[in-house]
Amino acid sequence: MENTSAVRIVWDYPVAGHLCIDGAVKYVKLSRQPGAAQPQGVCPQCQVTFQYRKPQRSRVRHYGENGATHF
Ligand SMILES: [Zn+2]
């Protein structure tokens, strides 16, 4: 079953890398769409939408700087 409407928030710009459905890393170019607040792009292969979000300066303490596995 495919996740065709998935949106992933990324912090990479202008290209977002991800592990695609074929097991290879693909890069999706993000661009600002009219009407969209954030730049975004869709992977033509897995149809996941990648939406850029500016890294926020956290007011809360980080739970470990290496743990980037939190989506
Ligand atoms: Zn993909």
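pLDDT is the predictor's confidence in each residue, from 0 to 100. The structure here is a predicted model, and its chain averages a pLDDT of 85, with 80% of the residues scoring at least 70. Among the elements of the chain, the lowest mean pLDDT belongs to β1, at 94, and the highest to β3, at 97.

**The zinc site**

A good place to begin is the metal. Four protein atoms serve as donors of the zinc ion: NE2 of His 18 and the SG atoms of Cys 20, Cys 43 and Cys 46, lying 2.1 to 2.3 Å from it. Along the chain, these donors follow the spacing H-x1-C-x22-C-x2-C. Cys 20 sits in the loop between β2 and β3 (25–29), while Cys 46 sits in the loop between β4 and β5, so this pair ties together parts of the chain that are 26 residues apart in sequence. Both of these cysteines, Cys 20 and Cys 46, are buried.

What is the arrangement of the 4 donor atoms around the zinc ion? It is tetrahedral, because the angles they subtend run from 105 to 112°, and four donors count as tetrahedral if all angles lie between 85 and 135 degrees. For comparison, the ideal angle for four tetrahedral donors is 109.5 degrees.

**Strands and their partners**

Now to the strands. β5 (49–52) takes part in the two pairings below, given with a bridge partner from each.

| Strands | Sense | Bridges | Facing residues |
|---|---|---|---|
| β1 and β5 | parallel | 4 bridges | Val 10 and Tyr 52 |
| β4 and β5 | antiparallel | 3 bridges | Gly 41 and Phe 50 |In the hairpin of β4 and β5, 6 residues lie between the strands.

**Two backbone details in the loops**

Gln 47 is worth a closer look. Gln 47 is placed in the loop between β4 (40–42) and β5 (49–52), and has a positive phi of about 65° although it is not a glycine. Is Gln 47 buried, partly exposed or exposed? Gln 47 counts as partly exposed, because its relative accessibility is 38%, and the partly exposed class lies between the cut-offs of 20% and 50%.

The other detail concerns a proline. Where is Pro 14 found? Pro 14 belongs to the loop between β1 (7–10) and β2 (15–19). The peptide bond that joins Tyr 13 to Pro 14 is cis, with an omega of about 5°.

Definitions and conventions
Residues numbered from 1 in each chain as written. Predicted model: local features only at pLDDT ≥ 70, side-chain atom pairs only at ≥ 80, totals over all residues. Heavy atoms only, no water. Buried < 20%, exposed > 50% of the residue type's maximum accessible area, 1.4 Å probe, protein only. Donors = N, O, S within 2.8 Å, 3.2 Å for Na, K, Ca; no water. Tetrahedral: all angles 85-135°; square planar, octahedral: opposite > 155°, others 65-115°. Pairing = 2+ DSSP bridges.
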